[in-house]
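This briefing addresses the helix, core and strand pairing of a predicted model. Please consult the display below alongside the text.

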Amino acid sequence: MHTSDSSDVFNQIHIDVARNATDDFNLFHDRNRWLRINHNPFNGPIALGFQLESLLEHKVFLYRQHHNENALISDKNLRFSNYQFSFVNAVKPGQVVSVDIKKSQLKEDPETILSNRITVKSGGALALLGYKKESKFALFLTNPDVPQFGALNQHPDRSFISGSSFFLKRKFITTSNAKNFLCGSLVDQDAFFDPFKNKAVFPEIFPCSLISSALLEKAVIEKHDFERNPLVYMSHKISIDRTYLAQLKSGDALYILIRQIPPESRKEGIGHAIDSPYHYECYGLMEDKTILYRALISLAPLEQILNTLK
């Protein structure tokens with residue numbers, strides 16, 4: 001078992017830096033606009049979900065390094081990095097965040113998976129719960145149903161692709177935004193970027209974190225009322241291909257495709273105790289339509305969560 005040190009504390013500046021780096025304009029993270037949220041129980045801004053996962057990504061990387069597991073990942077060709085987390089509670093500025101990584105489990109049958117159970121507490125209360133797994137194949141959205149849309153750069157940004165239920169958001173990956181996102185996530189950027197050694201390795205969660213702004217922009221177009229019907233994350237299930245991630249360069253375009261999963265298509269295990277319609281499948285595609293990552297993202301109306309807690 002490995003528990004992180006007690007110096008991990010997010011301040012509002014970290015939240016601002018992370019949200020600016022990812023264009024996340026959710027009211028929950030805004031130092032002023034959180035007050036506008038109907039029945040907001042948090043009494044202030046809260047940290048971003050992807051910001052927490054970025055911190056976890058680095059903690060697990062250091063754990064793997066310490067236990068000499070990176071050679072194993074390479075030898076077994078475990079090219080997919082998978083994150084499966086349920087959000088239990090908010091992380092607020094000033095609270096001490098403690099990360100507990102359980103001992104690695106290696107399973108070889110039916111396929112090789114290296115797995116760690118992870119719990120995150122904030123201010124002593126459980127905030128996040130789940131797994132980080134390394135595998136040969138994607139563990140989520142294993143048969144991605146992405147139609148052939150022609151050249152993605154020919155479709156208008158921030159729009160629904162005609163003839164499909166997919167919403168398209170185009171982002172450009174930059175080292176400056178990735179560095180800022182790492183700083184906001186309490187991660188040392190030197191582990192990924194060193195201009196003196198010509199080293200630029202994009203962290204796994206950074207391109208995935210852009211899903212938030214894509215979901216928000218989709219909601220704006222659909223005229224969602226963020227103040228009256230605020231949504232919060234219930235769970236993230238993400239598979240990212242490290243082989244393609246290694247090819248990512250500053251200035252590259254990333255095409256984020258999102259569609260709502262209709263109730264009849266929802267697989268077992270996607271929902272929680274709360275029956276929410278806000279489940280999405282998301283894909284991050286590179287210029288040549290290579291799938292960099294795929295994700296199942298579940299949100300729920302804050303009101304429903306508060307009623308469940310009552």
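**Helix α2**

- The 18 residues of α2 should span 26 Å at 1.5 Å a residue, and its end C-alpha atoms are 26 Å apart, so the expected and modelled values agree.
- Of the 18 residues of α2, 14 are buried, and the helix is therefore largely enclosed by the rest of the structure.
- Asn 68 follows α2 and has a positive phi, near 50°.

**Nonpolar cores**

- The largest nonpolar core has 56 residues, among which Phe 50, Ile 211 and Ile 297 touch the most other members.
- Helix α2, which covers residues 49–66, gives the most to this core, contributing six residues.
- When residues up to four places away in sequence are not counted, Ile 211 touches Phe 50, Ile 256, Ile 258, Cys 282, Tyr 293, Ala 295 and Ile 297.
- A second core, separate from the one above, comprises 15 residues, including Phe 166, Leu 168, Tyr 255 and Leu 257.
- As background, nonpolar side chains tend to be buried together in soluble globular proteins.

**Strand β2 and its partners**

- Strand β2 spans residues 80–87 and is mostly covered, with six of its eight residues buried.
- Strand β6 (residues 125–135) runs antiparallel to β2, and eight bridges join the two.
- Within this pairing, Leu 128 of β6 stands opposite Phe 87.
- Strand β11 (residues 231–241) also pairs with β2 in the antiparallel sense, over seven bridges.
- Ser 239 in β11 is the bridge partner of Asn 82.

Methods. Residues numbered from 1 in each chain as written. Predicted model: local features only at pLDDT ≥ 70, side-chain atom pairs only at ≥ 80, totals over all residues. Heavy atoms only, no water. Core = buried A, V, L, I, M, F, W, Y, C linked by side-chain atoms within 4.5 Å. Buried < 20%, exposed > 50% of the residue type's maximum accessible area, 1.4 Å probe, protein only. Helix = DSSP H or I, 4+ residues; strand = E, 2+ residues; numbered from the N terminus. Contact = heavy atoms within 4.5 Å. Pairing = 2+ DSSP bridges. Expected span 1.5 Å × (residues − 1).
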